[in-house]
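User: Please take a close look at a single part of this protein, its largest pocket, and then set that part in the context of the strands, loops and backbone features found elsewhere in the chain.

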Amino acid sequence: MDALKWLGIFVFLGICSKASALQVSVFSVTTKSAILRWARFSGASSYRITVAPKSSSNNQIAFATFGPNTVLGSVNSLSANVMYIFTLEALNSFQDALSSVSVESSTAPNVMDAIQTVKTKDSGTLMASFNLETGATDYIIRIQTTNGFFREDTVSSTPAEIKNLKPYTEYMLSIMSANSGGRSQPSLPLTAKTVLPPPQLLASSPSNDSIIVSWEAVANAVQYTLSIHHFGTNTSVKHNTTGTNLTISGLDAASLYAIEGFAWDLEGREGEGSLIINQTTRSPSPRCANVSMVMNNGVTGLSVSWELNQEVYGSIQYHVMSDQNLTCYSTSNSCTLLPILCGEVHTIRVTASNDAGLSLPSSPVVFTTFPCPPEPSALLESTGGSCTLTWRTVPHADSYLAFINKGDGAEETCNTTGNNCTYRCECGYTYLMSVSALNQAGSGPRGQILNHTTLPCCPEEVLVSAVSTDTLEITWTASRGAQLYETRAADGSEVILCNDTAPLCALSDLSCDSAYSVLVAPCSEISGCNRGCEAHAKNTAPCMPTNLMLNVKNSSRVGVSWTANNTGAIYTVSALGDNAEHTCTTSGNSCDITDLPCGSMYEISVRATGPFGQSLPSYSDSLETEPCCPVNLTVDQVTQAVTNVSWSHAKGAHSFIASLTSTRGHARCHTRDPHCLMGCITCGTNYTVTVEAFSYSGRGSNCSYRGFSSSACCPSGVRLYGLTGSSLRVYWRAAGSRHSYVAEMVGSGSGGGSSNNYTCTASSGESSCDVGSIRCGDVYDVVVAPLTREGTRVQFCPVKQFSVACSGSNVGAVIYRGKRSVD
């Protein structure tokens, strides 16, 4: 049927297509036939296939003819397993060959005998045995079921393994031989059935002598067989059951057993065996032998040991438990419970664990730990140098051991069944005290350390000295146990404190002129201060005088007064300045300082001196004495109305007022310079000369000097008149009749020759003088000035200029040309 289907398909394809060249191929072969396939050839009216053995190609044994629209045709009556040459010819309507082509192919081997035997290998595999066929290169086994399952497996030899089958299923098996040409027809079928699948075993050990095995039910199974084998022995036992679990008892503890099983079907066939599983029985209960206390890295614990069972399989882990929530694990014969506390009662059990689980616990062992440390409750220190330590009793204690460690390294112990110990204690030491309790388990840890420091020892070599009027310096040698020193100074109305770690202290801001009681109390942060030490008396220096007042009595004397209230003090007033000191001393509250020089600056203060030292000097007050008068004074007249007054240095003077006073008026100037120009001076007048010198603070000295007379006044109306010959008359209007005058004429020298300077003098009361032998034709500067008492000409009179013309060889006209400045 399959071949006819393909033939119809290829006939249809041949109708629908045309081949350009004749082509042929072997579509399939069987033992006695072959099917060829070709493409249509243009012009062909029919096709013919001829067959000849390859070994005798001229001996045609069969042929077949097909119509023009056929492209798939078969040739029958062939022999099995023979190599043939197949020739295809395209024929025209006259049966002439248009084209031909050949192809070679072997026929399939002969049909095989049915499969001889089939055995089950497991629930999904069958082993088939068959006879080999000559000419076959491999074999095809066809597997089918009544439910429509179909599969073909290619195998190369016998017996053949057929895998991936369903358990407990019936199959029909047939076999075909095959070579390069094709396959034979299938043999007669053989029926075979697979066996039941293996049960999936699970095992556990509920105790140290039993194992429970369970599994899911296997479909179609009517019974199960389990086999258990004890490793290390030749013992093997089988057990049958119809259930799905089995408890196997009477086994050895901590032993390994191998278990496997299979199911039986209704036909009594043994199913596939399960995988072998291993199961260990639980360990026997340990036997606790000893419990003792140990130290592990500074932590106290309980060492628990037990006996080992040597006839066990595999590793066993031991679990030690205490009812105080402590556990430990070990694979050896001992384990340590950490940490344990004092005063505990432990109930201890040990269990063993292996792959099967936990064993039953061992018999309990009860153990009481060392007692807890007592807590010191009080320390009483007596005045006699002894101390008593007390503590609270603790449970499970048989006795107590007290430890007293002194700060210098000495240690003292006290063993008692009571709750207190008495020992000697000294000042300035720190004592560390602790108590431990003892019982049969041993000595418990020391309790909390009680730290007690006795009062520090009193300092020695205390020295109190005054370093200033309000400060006492106290020094002493350091005392044992003192961390801090409290120095206290009391005078009945106040207390001054000083705290320091050094063995010295300065008490400042003390009341002056007071008696103090000084106490140095050594202190520590823990024990406090020892205020039972000896006190020392010390007086402070007198108080500083206040309210200093100065009363200037004259230029060299000042009165000084102050306020003071010191007991038995002498007061010294000091005026310090100009590298000199002036003093006065009194027991009262005022005194005078005398002989103070002019022009000096002094700082004045007062100090009190008593039997216990000196006070601070009072606040000072400044004093300036009157400035000194200048030693020398000079008055120079610059012009007729201006005078220059100058003077020498005056000590202490900062500024000056110079005055010229007369009945006709006065002149005055204020300056810091040692000279002064004063205008508005009246000529020919006697003046009184005074200079006032002032200090920085405004203190002044009035200095008078000899009188000053201003120069005579310059004449006015100076004229030149020509006389007969070569003479000229100089005329002026005199300012007074008491002065003599001199007239000077200075020519310009334009005429050349000898000098043309001329002078004439007029006696007191006269107002003209004559000059002879005048050279005419020149310009003359003419000055008429009064003469001083010393006979010198006043230098500041004005100059007038005249031109003297010639009239022949004599003086001609005189022309006034105006004034000119004095050179």
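Analyst: A pocket is here an open set of grid points, on a 1 Å grid over the protein atoms alone, with protein on both sides within 12 Å along at least five of seven lines; its lining residues have an atom within 4 Å of a point. The model under discussion is a predicted one.

With that meaning, the largest pocket holds about 700 Å³ of space. Its lining comprises 25 residues, and those nearest the centre are Phe708, Ser709, Ser710, Ser711 and Arg789. The elements that contribute two or more residues to this lining are β54 (633–637), β59 (686–694) and β60 (700–709). Sorted by class, the lining consists of 9 nonpolar, 11 polar and 5 charged residues.

Beyond the pocket, one may turn to an open sheet of 3 strands, arranged in the order β61-β62-β65 with antiparallel pairing. Strands β61 (716–722) and β65 occupy the edges; each has a single partner strand, so one side of each is left without a neighbour in the sheet. From one strand to the next, the twist averages 15°. Within this sheet, β62 (residues 728–733) pairs with β65 in the antiparallel sense over 4 bridges. In that pairing, Arg729 is placed opposite Asp770 of β65.

The loop between β65 (768–771) and β66 (778–786) contains Ser773. This serine has a positive phi of about 55°, although it is not a glycine. As a general point, most residues other than glycine have a negative phi. Ser773 counts as exposed because its relative accessibility is 57%, and the cut-off for exposed is over 50%.

A second open sheet of 3 strands has the order β30-β31-β34, and its pairing is antiparallel. Here the edge strands are β30 (376–381) and β34 (420–424), each of which pairs on one side only. The twist in this sheet averages 15° from one strand to the next. Strand β30 and strand β31 (residues 386–391) are joined by 5 bridges in the antiparallel sense, with Ala378 opposite Thr390 of β31.

Another antiparallel pair is formed by β8 (residues 117–122) and β9 (residues 125–129), again with 5 bridges. A hairpin of 2 residues connects β8 to β9. Across this pair, Thr117 faces Ser129 in β9.

Two loop residues illustrate burial. Ser187 is located in the loop between β13 (170–178) and β14 (190–193). Its relative accessible area is 7%, and Ser187 is therefore buried, the cut-off being under 20%. Leaving aside residues up to four places away in sequence, Ser187 touches Val111, Met112, Asp113, Ala114, Ile115, Ser174 and Ile175.

Gly599 belongs to the loop between β50 (590–593) and β51 (601–610). With a relative accessible area of 12%, this glycine is likewise buried. The contacts of Gly599, again without residues up to four places away in sequence, are Asp578, Thr625, Glu626, Pro627, Cys628, Lys651 and Gly652. Between Gly599 and Asp578, the separation is 21 residues in sequence and 9.7 Å in space, C-alpha to C-alpha.

Backbone geometry supplies the remaining features. Asn164, in the loop between β12 and β13, has a positive phi of about 60° although it is not a glycine. Its relative accessible area is 70%, so Asn164 is exposed.

Two peptide bonds that precede proline residues are also to be noted. The bond from Thr158 to Pro159 is cis, with omega near -5°, and Pro159 is placed in the loop between β11 (150–155) and β12 (160–162). The bond from Leu338 to Pro339 is cis as well, with omega near -20°; Pro339 lies in the loop between β26 (334–337) and β27 (345–354). In general, most peptide bonds are trans.

To return to the part requested, the largest pocket has among its central lining residues Phe708 and Arg789, and β60 is one of the elements that give two or more residues to that lining.

Terms used: Residues are numbered from 1 along each chain as its sequence is written. This is a predicted model: local features need pLDDT of at least 70, side-chain atom pairs count only at pLDDT 80 or more; totals for chains, interfaces and linings use all residues. Side-chain values use heavy atoms; hydrogens and water are left out. Buried means under 20% relative accessible area, exposed over 50%, partly exposed in between (1.4 Å probe, protein chains only). Contact means heavy atoms within 4.5 Å. Two strands pair if DSSP finds at least two bridges between them. On a 1 Å grid over the protein atoms alone, a cavity is a set of points where a 1.4 Å probe fits but cannot get out, and a pocket is an open set with protein on both sides within 12 Å along at least five of seven lines; lining residues have an atom within 4 Å of a point. Grid points are joined across faces, edges and corners, and a volume is the space filled by probe spheres set on the points. Ala, Val, Leu, Ile, Met, Phe, Trp, Tyr, Cys and Pro count as nonpolar, Asp, Glu, Lys and Arg as charged, and the others, Gly among them, as polar. Axes are lines fitted to C-alpha atoms, for helices over the stretch in contact, and angles run from 0 to 180 degrees between N-to-C directions.
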